[in-house]
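Open the model in your viewer and keep the sequence panel visible. The tour goes from one selection to the next.

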Amino acid sequence: MPKINKITPIILLISVLFGLSAHCQNSTAAIKPTQGALFNNSTLTDSDYLRAIERAADILETAQSDAEFGTAAIGLMKSIEENKKSIDLILKSLKQSSSNVRNQQMYQTMLSELQLNVEQQNKMVDADSERLAKIKKKISSIARDTVFMALVKDTLRIKQFNLELHNLKNRYIHADSIISSNINTMTAQKRLVVNANLSVANAVITVQKKLEKSGINLFGNEYLNLWDLGTKPGNTKISSNIDGKWQAEKNVVAYYFNYNFSRLLVLVLLMAAMGWYIKRNINTIKSLDKFHNLGQLNFKYLTSSVWLPAAVLGLNIAIVTNLHAPALYVELLQFFLLGILSLLFQKNWLKKSLANWYFLVIIYVVLCFFDLFVDVSFLERCIFIAVNILGIRYGIIQLKSIREQLYIKGFFKWASVIFISLNAISIIANIFGRVTISHMLSLAAIIALTQIIALSVLLKIVLEIILLQIYTTRLKRGIDKLFNQEALSQTLRKPFVLLISYMWFIVIASNLNIWESLATAAGTLLHKPIVLGSVSFTLAGVLLFFIIVWIAHLLQQYVAYFFGEVDNDEDEENINKQQHSKLLITRLIVLIVGYLLAVAASGMPMDKLSIVIGALGVGIGLGLQNIVTNFVSGIILIFDRPIQVGDIIEVSSQSGRIKSMGLRSTKINSASGAEIIIPNGNILSQNITNWTYTDNLKLVEMNCTVNGNITPENISQIILQTLEKVPLVENSRAPQIFYNALSEDNYKILIKFWCSIYRTEEVLSNARQALFYDFKDRGITFTT
């Protein structure tokens, strides 16, 4: 009886845990055997009970494992904590920051992102809570195991399986504690997410109110007219105001820096990689003792420094990609860019142009300082007007010297007009009390001017990087000949001019605080569905399709430059046919991938597209058969390679050297200098004579007559010795000498020897001259 009392608590605990009745608590005498009450013991064996215990143990072990927080849940809790810190920092900054429009736009963007993050976190927390509830429900399924329940109710069997049940109880307690703890954790996380959602919503409302107030001030009567001196806002000490505003702006910049640290790190790594790339090519050219040739290629910036051009590239990207950054952050980026440009200009610009550039930088610093840190007052407004007047004079008189130093001068003319116009409008706005819009126009004017200078330098640096790569590749291939960099630069600059125009427009629109409105309006127009019959599309999809196709065609055209190919000016005798084949395949791949990406990115419905393709198939069969034949033939020629760039071929009645191969046609340079364009379908459908399929050698013949007292053996010996000395004669293949006619002191001879097919006439001429003089020295007449 005492032994039964010892195991009774285990039975009672398990019974309570699984929702069973606990009527056996009074005494062991009250516990009655239940054998045969619910189950027939003759049908259940010890193995059945052990398997039931094992099933329960497996359920508890699986539940414990599933209830543990994995990396996803841990990452979720970390992101919730980071979001909370970010929200707290934004709320604190909103109380301290000024009503600067750019700062409010930054907060609006960040809060929108935080709202999305909070919504996603809310869904993940709910999913984790639901997962824990399912695990708890799974544990309760043990109570539905009839064999296990028979064991629990059979007091005679409990004694037999006391050890197993005791271990099962411990496992249950451990699993239950983990599940309960994790449920409480998820509840706490849910509370944090809900509070974060409310805080973000309130912050969004606060920012929207500030932006609305800024819009009212922008076009309303913000301050009195300048000639009315009755009210002078900002009577506190300037030094204390500057210190307070600096602390507020510094906190905003620090938060934004931490918020975008990963993006900034990627940008820094890209700048470092670009610097290393430029340095490697420069070192390669120096090792080949060709660095002095970069001056002849009109290099201006890469020869004086490596890391400064890389920094110019990175800072221009940073300015364009941080449109919603705080005002101080953007202006510091612009200031660093102007400083690096100043270092670059010191070695390249004339003193007069450099002095005017420094004056422009000083104007920029003064405007930024007064806009950010000095309260509006009569004196402050007068200083702004004085700077505007100086700017107008500067734009009319002094800017010409800077224009002469820039790579692209057309845009600078428009930048000068914008600079002068915005300064003039700023003066008028300031006089009539629209101080906010006056400050905005002044900063937009100076940034529009400095940014076009920076982008002009950027374009020159990018072109120099590409030309450096081309020249380095050519030197590695043994091509020392300089190419026409001016013509090549004119070809390369066209797409980049479009890109920097877009970048310049973004910077100006952003500083005028109209970029968001323009982007929203353009997005609405471009993404509005257009329905034609059963086909629906958007202008954005169509535009994206053509942009990607255009980029693909540009890349397949420019990819040759990275192989060192410039107008096929390499030595025709040492042309790298293998590289040309790789280039053709690369171009084909670029085009195919480009078109596939264009179709995928444009969002064209494939089911509707298949109908269009079917209709095109009918058109191809009827009218475009030759074009498709040429296209397919071009692909076959690229992969089968019966001919390659640089080969000397004969097709039908045409012959010459292959200049280039495309998907539709092949260009051949004839011996007379004409360029012959042959459709690829014609080449593949006719017999082709390829003189250089295996090598660049050709067997040439020369008929000659020798008169004099000499034997055939001596004649053959002289001919062989002479041909060995003639340049470009292939001596690895023995010349052949045939006597067509022999008489006393008169021999008619046919000479055959191998030489480069590209210089056949030259070799024959040299051989005739060498043989003439060698026979003449021996008193023998040689006629050919």
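Start with strand β9 (residues 736-743), which pairs with β10 in the antiparallel sense over seven bridges; strands pair if DSSP finds at least two bridges between them. The model is predicted, with local features requiring pLDDT of at least 70 and side-chain atom pairs pLDDT 80 or more, while totals for chains, interfaces and linings use all residues. Residues are numbered from 1 along each chain as its sequence is written, and side-chain values use heavy atoms, without hydrogens and water.

Select A741: K748 of β10 stands opposite. Next pick D745, in the hairpin of β9 and β10, which has two residues between the strands; D745 takes a positive phi near 60°.

Now select β10 itself, residues 746-756. Eight of its eleven residues are buried, so the strand is largely enclosed by the rest of the structure; buried means under 20% relative accessible area with a 1.4 Å probe, protein chains only. Add strand β8 (residues 697-707), which runs antiparallel to β10 and is joined to β10 by eleven bridges. Within this pairing, K698 has C755 as its bridge partner in β10.

Move to helices α13 (residues 351-373) and α14 (residues 378-403), whose axes, 10 Å apart, make an angle of about 155°. Axes are lines fitted to C-alpha atoms over the stretch in contact, with angles from 0 to 180 degrees between N-to-C directions. That makes α13 roughly antiparallel to α14, a term for angles over 145 degrees. To see the contact (heavy atoms within 4.5 Å), show side chains including W357 and F370 of α13 and F384 and Y394 of α14.

Key: Helices (H or I, at least four residues) and strands (E, at least two) are DSSP runs, numbered from the N terminus. Angles under 35 degrees count as roughly parallel, over 145 as roughly antiparallel, 65 to 115 as roughly perpendicular and the rest as oblique. Buried means under 20% relative accessible area, exposed over 50%, partly exposed in between (1.4 Å probe, protein chains only).
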